[in-house]
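Student: Could you take a close look at one part of this structure for me, a single strand and what pairs with it? After that, feel free to wander through whatever else catches your eye.

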Amino acid sequence: FPTSTYIKLWADTQRELDIMLQREREEFLQPEEDLEKVMKMLATAYVQYLEIFRNLEEAHDHLIHQQKRAAVRQVLDGVIGRILEIKKEMVALDKSECHHMEDILMDLQRVPEDIDIPIPKYFIKDNLSILQDREKFLEEILLNAGLLEQEPVTAMTLEEGIMVVQVAERARQGRARAAFMKRIYLEEKRQSQKEDQKKGKNPDAAATCVQKVWRGYRQRKETEKLREEEMVFLGMKSAEMINGTGSLPPDLEAMSSLQIGAGKANVLQGEVQKREEPSFRLELRQTEGSYIKETLQDQISQCFIECRHITGRFPDYPPENTGGSKAIFIEKHPEQVAEELAAKREAEQKEKEKNGKEEKERPAVKKPPKVGKQIVDESWKMTPSNFLSILEEGSSQYKVFWENRDNKSDFLQDHDPELIKEEEREEVEDEIRVQVDEVMQEKLLKLKQAVDGETGARQGKAGKGEKVRAARWEKGRAVSIPCLVMSLACRTIDSLYQELAEAGLLIKVKNVNLSDYIGYYDCLRNIPRPAGAQPMPSIPEVRQLVTLYGILPLGSQTVHENAPLVKSLLLAGPAGVGKKMLVHAICTETGANLFNLTPSNLVGKYPGRDGLLMLFHMILKVGKELQPSVVWIGGTEKLYSKGAAKGEEEMNAKRLARMLLPFLRALKPKDRVLLVGTSSRPFDGNPGPFCKAFQKIIVIPKPDYLTRCGKSLWKHYILQSGGVLTKQVNLNCLAHVSDGFTQGHIVDAVHTVLSELRLLQMSRKPLRTAEFVTSLARHDPVYKEEEETFQ
């Protein structure tokens, strides 16, 4: 396995990243008035960061060394977050989610496929066992509830049966031939031995024969041992398998839908990547524990003395919720601390006086009149980033691995003991600090009593008062929560998970990847659009937007907490363009749970306002605990339809609409929960509430000619359904005829033609173009007027 290749790829990519960080310091921090220049600069950085992202992901996926993988993972999360931040700036400048970057790609000598966004494999691989257990648990619940049918055993076709018989017969003939040749060999050997016995025994010939057999045996054992060591190094076998103490990992024996298409080598390589690092914590406590404890006590005592010398009294010991004595050790002199405290008190006093004066003499303020155009500052400056510090820290971590250690000689890609000790030394120090805080707090109280005469009763009384106020607040908060919601606190996550699954609200995810959403770039579609009109994105741009706003934040906790937060996403487009497929693709690529809150799916379930409130609290609790999670609402135009509600389904939709905004407010940056809506007629609803509930709206187009012809939709679905293409099937003709039809129409036409009976007749009756045209004619296309309404 060429591990050194990926170490070199990491090194080259890290150098490119350092150049990008230097460029950002020089260009992005300066105000700029030329917005076209800014847009070009952002687009260039966006494409270059994507290339860095792609290389880092490849290196991370193939590296075995755990600490190096952790370092690459940190930089990878930083690059993903930086891409999302740059995308946000580009959208704000261009007032559109789709950007024309053909000129940038030409300048950088890139092709349109280079701006495709890769999906990191560690989203699934790092949590594979957990996701498999959860999938198995969900299947058991659905089977017991009768919501999932047992997959029938498919019968063997005639061609498959003939092939099995042929293989078995050829194997039988081979064994018979081998037995016949063995008999001939043994007969010849006996004849030669009889001749040797007649001639007499030769000791030299006997010794040579023994040596020959022994040397052959020893060389075979040596070769076998070297080969097994090579297989362990490649990650294709584990040490237990070599020793005969284990078998294939359970991840390989029970492959689920999450692993389909993954090779055995990749699965076993993942086992090697998950090797547990040794722990040196006990060793550090024994060898360095006493020294750390004495050092901390001396530093804290010195801080007490210096603070009393400056302020005239001993300081209060920092409380535990602020970090205890850890809050003391800052890189500032005591004089600076005293000055900052004095300045803070003075500023607070001035603020109080100013607020009191304004309350007394506050004049009536008139609101400025609304004008047609807002006057904005034309100069641009990059928004402060949350990820540059992560990238710089990753760069320093890279130098530790690459410059201070010999990577070429690290043949086994094993752990580095010193790096592990550095990480665990901080944890050991925190454990000892807790013990030191208890001792030093008592010492401080004794010093105050002996020197200043303080008893510490005032501080204890205040603490008791704070506890009383907190208890009162909790009591009032508990009264304000409905009893139905309070009852959820006593229930386990598994019971809530089972209830949602049995109610049909937690559904099984279909195994589809985002790459299955087929579409190609149309480099000739750069058509000028009217002012204020949004361009219709191409299918590759839809994949990019779904990846940026749905998959990447859900897959990484670091990215979700620090990147621009997107809580809700709306997929709008004609029926059949693949909106539901994209929802399932988001869940497949991230391993997310899928909650189905479509109004038609809520009929007869959790009725009334209290029932719906309880349902949302259940989803919040399960979704946050088993994150990532996706909450899907189909037919969202029914939630904001015009006019009064008619029927139970529309009543549920109206109630659901009123719950969405509080539900979104309850989601914090640490909660990897995404609300995804799909709508085939968004123009039937009120646009105001739509835009409030959904932060990002992605319009999905019908497939263009380039996607329908050649090696695209028609050929893909015909071959996938078992069809055989001949000269009598004109794909270009089908692409022209299917203009205006969606992917769903094409799939339905293919499945209608390629029935089980038609597949059996294919050998003597080849497929013809007219069959698919006749089947397609039963559907209504998407007319130009309907397509324009989405824009």
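Tutor: Let's start with A572, whose bridge partner in β6 is V699. That link belongs to a set of four bridges joining β2 to strand β6 (residues 696-699), and the two strands run parallel. Keep in mind that this is a predicted model. β2 also pairs with strand β5 (residues 673-679), through five bridges, and again the strands run parallel. In β5, look for G677, the bridge partner of L570.

How much of β2 is buried? Strand β2 covers residues 568-572, and five of its five residues are buried. Look at the two faces in turn: S568, L570 and A572 sit on one side, L569 and L571 on the other, and all of them are buried, so both faces count as covered by the cut-off of under 20% relative accessible area. So A572, with its V699 partner in β6, and L570, with its G677 partner in β5, both belong to a face that is covered.

Now for the aromatic rings. The count comes to seven aromatic pairs. One of them is F137 with Y497: the ring centres are 5.7 Å apart and the planes are at 20°, so this pair is stacked. The pair links distant parts of the chain, with F137 in helix α6 (residues 128-144) and Y497 in helix α18 (residues 493-502), 360 residues apart. Their surroundings are worth a glance too: F137 is partly exposed, at a relative accessible area of 28%, whereas Y497 is buried, at 2%.

Then swing over to W714 and F772. Here the ring centres are 5.9 Å apart and the planes are at 70°, so the pair is edge-to-face. This pair also links distant parts of the chain: W714 is in helix α26 (residues 713-720) and F772 is in helix α30 (residues 769-776), 58 residues apart. Both W714 and F772 are buried. If you like groups of rings, find Y640, F690 and F694, which form one aromatic cluster.

A few backbone spots deserve a click as well. As background, most residues other than glycine have a negative phi, and most peptide bonds are trans. Against that, the peptide bond from Q627 to P628 is cis, with omega near 5°. P628 lies in the loop between α22 (608-625) and β4 (629-634). On the other side of α22, the loop between β3 (593-596) and that helix holds Y606. Y606 has a positive phi of about 50°, although it is not a glycine. Is Y606 buried or exposed? At 16% relative accessibility, Y606 counts as buried, because the cut-off for buried is under 20%.

Q109 shows a positive phi too, of about 55°, and it is not a glycine either. You'll find Q109 in the loop between α4 (102-107) and α5 (122-125). Q109 is exposed, with a relative accessible area of 73%.

Last stop, the surface: F180, M181 and I184 form a nonpolar patch there, with about 240 Å² of accessible area together. M181 is found in helix α7 (residues 158-199), and M181 is partly exposed, with a relative accessible area of 37%.

Terms used: Residues are numbered from 1 along each chain as its sequence is written. This is a predicted model: local features need pLDDT of at least 70, side-chain atom pairs count only at pLDDT 80 or more; totals for chains, interfaces and linings use all residues. Side-chain values use heavy atoms; hydrogens and water are left out. Patches are made of residues with over 30% relative accessible area and no salt bridge: like charges are joined within 9 Å, nonpolar side chains (Val, Leu, Ile, Met, Phe, Trp, Tyr) within 5 Å. Accessible areas come from the Shrake-Rupley method with a 1.4 Å probe; for residues, only the protein chains shown count as cover. A salt bridge is a side-chain nitrogen of Lys or Arg within 4 Å of a carboxyl oxygen of Asp or Glu. Buried means under 20% relative accessible area, exposed over 50%, partly exposed in between (1.4 Å probe, protein chains only). Two strands pair if DSSP finds at least two bridges between them. Rings of Phe, Tyr and Trp (its six-membered ring) pair if their centres lie within 6.5 Å; planes under 30 degrees apart count as stacked, over 60 as edge-to-face and the rest as tilted.
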